Amino acid sequence: MAADGEERPGAEHWVPHGADLQELRRAAEGCRGCELWRDATQVVFSSGPDAAQMMLVGEQPGDREDLEGEPFVGPAGRVLDEALAAAGVAGDAVYRTNAVKHFRFERRGKRRIHEKPSVAHVTACHAWLEEEIALVRPTVIVALGATAARAVLGRSVRIGEVRGMVMESSDPSGTPTVVTAHPSSILRIREDADRRAALAHLVDVLRRAAELIR
Ligand code: URA
Ligand code: SF4
């Protein structure tokens with residue numbers, strides 16, 4: 001029982017069994033598996049084809065995504081789209097989702113500042129991701145950043161140590177998974193040359209992921 005007297009058993013309680021992706025999406029609107037639903041505008045579930053061969057997993061929706069109800073429609077999404085194009089991956093062929101489906105933020109005046117989801121949020125939300133992987137059955141998963149990597153691999157990794165390596169997702173599917181830096185972290189790099197190098201790494205990992213499909 002949580003401090004406010006509400007039970008929060010994690011998302012499991014809300015995940016319908018035997019549902020298709022459309023039903024899953026709808027069910028997520030009612031998820032109360034952790035407290036993040038309370039301050040967010042809406043759940044941000046996923047976008048892309050139901051039978052995509054490549055699944056991209058981010059951290060959580062950002063400010064734009066929270067308002068629009070779709071993942072990767074803000075600045076990080078633009079970096080990602082650019083990287084996919086450079087890697088020769090058709091953007092409309094990939095399935096985009098997040099480790100955590102509600103926006104976590106801190107209010108500063110009128111602004112909403114992104115706050116990293118905790119391990120408890122990632123754990124609470126994992127049942128959605130697991131069901132998405134079971135339904136989409138991607139050939140390859142790309143985990144964007146440490147939070148996504150933790151969600152998909154079920155353990156903490158250092159991005160610098162595992163970047164580009166092919167690992168296995170921790171859910172029963174054991175799907176080949178590659179990890180790379182989060183596009184938002186690339187946006188935060190001030191030095192031009194460093195930012196270009198980080199973007200080149202992202203492109204390289206996406207290209208390697210695409211090779212696993214062929
Ligand atoms: N960052 C993410 O990790 N996911 C989004 O959907 C948007 C920004
Ligand atoms: Fe449910 Fe995930 Fe939203 Fe928490 S963040 S309420 S577990 S969908």
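**Close-ups of two ligand sites in a predicted model**

The lining of the largest cavity splits into 10 nonpolar, two polar and two charged residues. That cavity, like everything else in these views, comes from a predicted model.

**View 1. The largest cavity and what lines it.** There's about 100 Å³ of space in here, and the count of cavities of 30 Å³ or more comes to one. Altogether 14 residues line the largest cavity, and those nearest its centre are Cys 31, Cys 34, His 102, Cys 125 and Trp 128. Helix H4, residues 119–136, chips in the most, with three lining residues.

**View 2. Ligand 2 and its shell.** Ligand 2 takes up the space of the largest cavity. Around ligand 2 you'll find Cys 31, Gly 33, Cys 34 and Trp 37, then Val 100, Lys 101 and His 102, and finally Ala 124, Cys 125 and Trp 128. Sorted by class, this shell has seven nonpolar residues, two polar ones and one charged one.

**View 3. The largest pocket and what lines it.** Now for the open site: the largest pocket has a volume of about 720 Å³. It is lined by 29 residues, with Ala 76, His 114, His 182, Ser 184 and Arg 188 closest to the centre. Several elements give at least two lining residues each: helices H2 (63–68), H3 (75–86), H5 (146–153) and H7 (183–187), plus strand S5 (111–114). S5 supplies the largest share, four residues. The class mix of this lining is 11 nonpolar, 10 polar and eight charged.

**View 4. Ligand 1 and its shell.** Ligand 1 occupies the space of the largest pocket. One stretch of its surroundings is Gly 58, Glu 59, Gln 60, Pro 61 and Gly 62; the rest are Glu 65, Pro 71, Phe 72, Ala 76, Asn 98 and His 182. By class, that shell comes to four nonpolar, five polar and two charged residues. Two of these neighbours, Ala 76 and His 182, also turn up among the residues closest to the pocket's centre.

**View 5. Polar contacts of ligand 1 with the backbone.** Zoom in on the ligand's own N and O atoms. An oxygen of ligand 1 sits 2.7 Å from a polar backbone atom of Glu 59. A nitrogen of ligand 1 is 3.0 Å from a polar backbone atom of Gln 60. Over at Phe 72, a polar backbone atom lies 3.0 Å from an oxygen of ligand 1. As for cover, ligand 1 on its own has 240 Å² of accessible area, and the protein covers 94% of that.

Note on methods: Residues numbered from 1 in each chain as written. Chains lettered and ligands numbered in written order. Predicted model: local features only at pLDDT ≥ 70, side-chain atom pairs only at ≥ 80, totals over all residues. Heavy atoms only, no water. Near = heavy atom within 4 Å. Polar contact = N/O pair within 3.5 Å; in protein donor to acceptor, adjacent residues only side chain to side chain. Areas by Shrake-Rupley, 256 points an atom, 1.4 Å probe, with all protein chains shown as cover. 1 Å grid on protein atoms, 1.4 Å probe; cavity = no way out; pocket = protein on both sides within 12 Å on 5 of 7 lines; lining within 4 Å. Sits in = over half its atoms within 2 Å of the grid points. Nonpolar A, V, L, I, M, F, W, Y, C, P; charged D, E, K, R; others polar. Points joined across faces, edges and corners; volume = space filled by probe spheres on them.
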